[in-house]
Amino acid sequence: MEIKKILIANRGEIALRIIRTCKEIGIKTVALCPVKGQEDDFPETKFADEFYFLDKEGVQGYLDQARIIEIAKKAKVDAIHPGYGFLSENADFSELCQKSGVKFIGASPTMLRQLGDKIEAKKIAKKCGVPILASSLKTVESEAECKAMVEQIGIPVLLKAVDGGGGIGIEIIDKNNKKELLTIFNKLQRVAQNAFGSGRIFVEKCLIKPRHIEFQVIGDGRGNAVHLFERECSIQRRHQKLIEEAPSPFLDWRMRDRMGKAACKIISHLKYEGLATVEFLVDDKKNYYFGEVNPRLQVEHPVTEMITGFDLVAEQIRMASGDKLNLKQRHIRMNGWAMEFRITAEDPFNNFVPQSGRVGNYQTPGGDGVEIHSFCKRGQKIFPFFDSLISKMVVYHKDRKMVLARSRRAFDEYIMDGITTNIPFHRAVLENESFNKGIFSTHFIEDEKILEGLKKEKIKQEQLKSEVVK
């Protein structure tokens, strides 16, 4: 099908990102705004060809499937791009689009249900011969069953919500809290039910301080798939990423080839259409294990674009239009190194507590190889009910050492007053010896005591200010 007009069912940075690609390839765009009077705080309304109001405050408007379809029909769009978050992995919405004659730029309803179920996803990986961690591979229905499975696999283990995501619905059981297993199990069931509408839990072996490495894959729905190399995503807080880079400083070319082929094998087996990210956990001996498939555009996609030259949003639209994947793996090249730093409205001095308010002085860094992906401006309102992501600083150079140097220089130029952000955290990470050497895991923040160091530095600065006043 030919796609001439797209409604973007999202907001902020990702909405602007999609609008830019659509303009470059000649596609009209439709943006959304929660309610009248908020247009100034939703810049996508100025850059899209037209926009409509959701007539609901906050998150709820972007989750109102019926209203979004109503707007899509009124605007006479050919397709809906969900971005990431909100409805991007919602099988019911994908199905509603299908029934309404609007192309959903993402996975099919069947695919989303299949991949959204973490147990089913593991079964698919296992069928494809991709290594998986020891797991229950079924829902544990009772406290007794949970206890028996933990004993069988052996601590440490993770209790995980089958339908979970976004870092929610995960609890570790180790020697320190094994006695509280049943309390944790019951609590997690309640959390999962409230967050995902399903209290299903399964048990999985927990790797000690693994790396989180994912592969970007494109499939055309006909069984053809290629990967665009990996992204290193191990710098996380509460199971959510803060810094990503491509390539990974941990992989050699032999391992990269093996993991890339494994990722493509899953996507080919599924006859998946569009972009997907296959996530792996990797131990210190370079054993890798399938984690899950994210059937959408990822927040960290720009680092892949920088090292490969591909426009991933354009590729999504091309696959959604029904084009065949003519790329061959041997034709895809990696060039240089890129890092993405997520700038969030969070207090790194207080365990990343979310912040809200209005941005005061605002100056972004510039220079060769530095990109700022944001919706921000001076006076921008940061709402308390949306995701805390404000912007992404993406840095590129020919090698990792120079990316680090360029990133430090760029953060020296970054000014954002009026609201507390995690910029001090990123500066601290860039000064860390282990990070600079590429030696880290998903436990980096705790192992390197980054937050403790920030608090000490803050106290020191406050004491110096106090002495100056005296």
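Below are short exercises on this predicted model, each with a worked solution.

**Exercise 1. The nonpolar cores**

Task: Find how many residues the largest nonpolar core has, and which helix gives the largest share of it.

Solution:
- Start with the count. The largest nonpolar core has 58 residues.
- Look for the residues with the most contacts inside this core. They are L7, I80 and I266.
- Now turn to the helices. The largest share of this core, 8 residues, comes from helix α10 (residues 253-270).
- Look next for another core. One of 36 residues lies apart from the largest core. Among its members are L16, A345, I390 and L451.
- Put this in a general setting. In soluble globular proteins, nonpolar side chains tend to be buried together.

**Exercise 2. Around I80**

Task: List what I80 is in contact with, leaving aside its neighbours within four places in sequence.

Solution:
- Take the low numbers. I80 is in contact with residues including I6, L7 and A9.
- Move along the chain. I68, I69 and A72 are also among the contacts of I80.
- Finish with the higher numbers. Here I80 meets F93, C97, V102, K103, F104 and I105.

**Exercise 3. Two aromatic pairs**

Task: Decide whether the pair F352 and F425 is stacked or edge-to-face, and say where each ring lies.

Solution:
- Note the setting. The structure holds 18 aromatic pairs.
- Recall what describes a pair. It is the distance of the centres and the angle of the planes.
- Apply this. The ring centres of F352 and F425 are 5.4 Å apart and the planes are at 80 degrees, so the pair is edge-to-face.
- Place the two residues. F352 lies in the loop between β15 (346-347) and β16 (353-354), and F425 lies in helix α14 (residues 423-430). The pair therefore ties together parts that are 73 residues apart in sequence.
- Check burial. F352 and F425 are both buried.
- Take another pair. F385 and F386 are edge-to-face, with 5.1 Å from centre to centre and 75 degrees between the planes.
- Check burial here too. F385 is partly exposed, at 35% relative accessible area. F386 has 9% relative accessibility, so F386 counts as buried.
- Widen the view. F385 and F386 belong to one aromatic cluster with F42, Y62, F86 and F383.

**Exercise 4. Charges over rings**

Task: Name the ring under the charged end of R11 and the ring under that of K286.

Solution:
- Begin with R11. Its charged end sits over the ring of F375, 5.2 Å from the ring centre.
- Go on to K286. Its charged end sits over the ring of F250, 5.2 Å from the ring centre.

**Exercise 5. Two lysines**

Task: Decide for K392 and K377 whether each is buried or partly exposed, and find the backbone oxygen that each side chain reaches.

Solution:
- Locate K392. This lysine is in strand β21 (residues 389-397).
- Test its burial. Relative accessibility is 0%, so K392 counts as buried.
- Follow its side chain. K392 reaches the backbone oxygen of V299 at 2.7 Å.
- Survey its surroundings. Beyond four places in sequence, K392 touches residues including E13, Y84, H301, E340 and E371.
- Locate K377. This lysine is in the loop between β19 (370-374) and β20 (381-382).
- Test its burial. Relative accessibility is 34%, so K377 counts as partly exposed.
- Follow its side chain. K377 reaches the backbone oxygen of D40 at 2.6 Å.
- Survey its surroundings. Beyond four places in sequence, K377 touches D40, D41, V359 and Y362.

**Exercise 6. R67**

Task: Find the side chain with which R67 makes a polar contact.

Solution:
- Locate R67. This residue is in helix α4 (residues 65-75).
- Test its burial. R67 has 17% relative accessibility, so R67 counts as buried; the cut-off is under 20%.
- Name the partner. The side chain of R67 makes a polar contact with that of E70, at 3.1 Å.
- Add the contacts beyond four places in sequence. These are F53, L54 and D55.

**Exercise 7. Cysteines**

Task: State how many disulfides a search of the whole structure finds, and why C233 has no bond to C264.

Solution:
- Recall the bond. A disulfide is a covalent bond between the sulfur atoms of two cysteines.
- Give the count. The search finds 0 disulfides.
- Check C146. The nearest cysteine sulfur, in C206, is 14 Å away. C146 counts as buried, at 0% relative accessibility.
- Check C233. The closest cysteine sulfur, in C264, is 17 Å away, which is too far for a bond. C233 also has 0% relative accessibility, so C233 counts as buried.

Notes. Residues numbered from 1 in each chain as written. Predicted model: local features only at pLDDT ≥ 70, side-chain atom pairs only at ≥ 80, totals over all residues. Heavy atoms only, no water. Core = buried A, V, L, I, M, F, W, Y, C linked by side-chain atoms within 4.5 Å. Buried < 20%, exposed > 50% of the residue type's maximum accessible area, 1.4 Å probe, protein only. Helix = DSSP H or I, 4+ residues; strand = E, 2+ residues; numbered from the N terminus. Contact = heavy atoms within 4.5 Å. Phe/Tyr/Trp six-rings, centres within 6.5 Å; stacked < 30°, edge-to-face > 60°. Lys NZ or Arg CZ within 6 Å of the ring centre and 35° of its normal. Polar contact = N/O pair within 3.5 Å; in protein donor to acceptor, adjacent residues only side chain to side chain. Disulfide = S-S within 2.5 Å.
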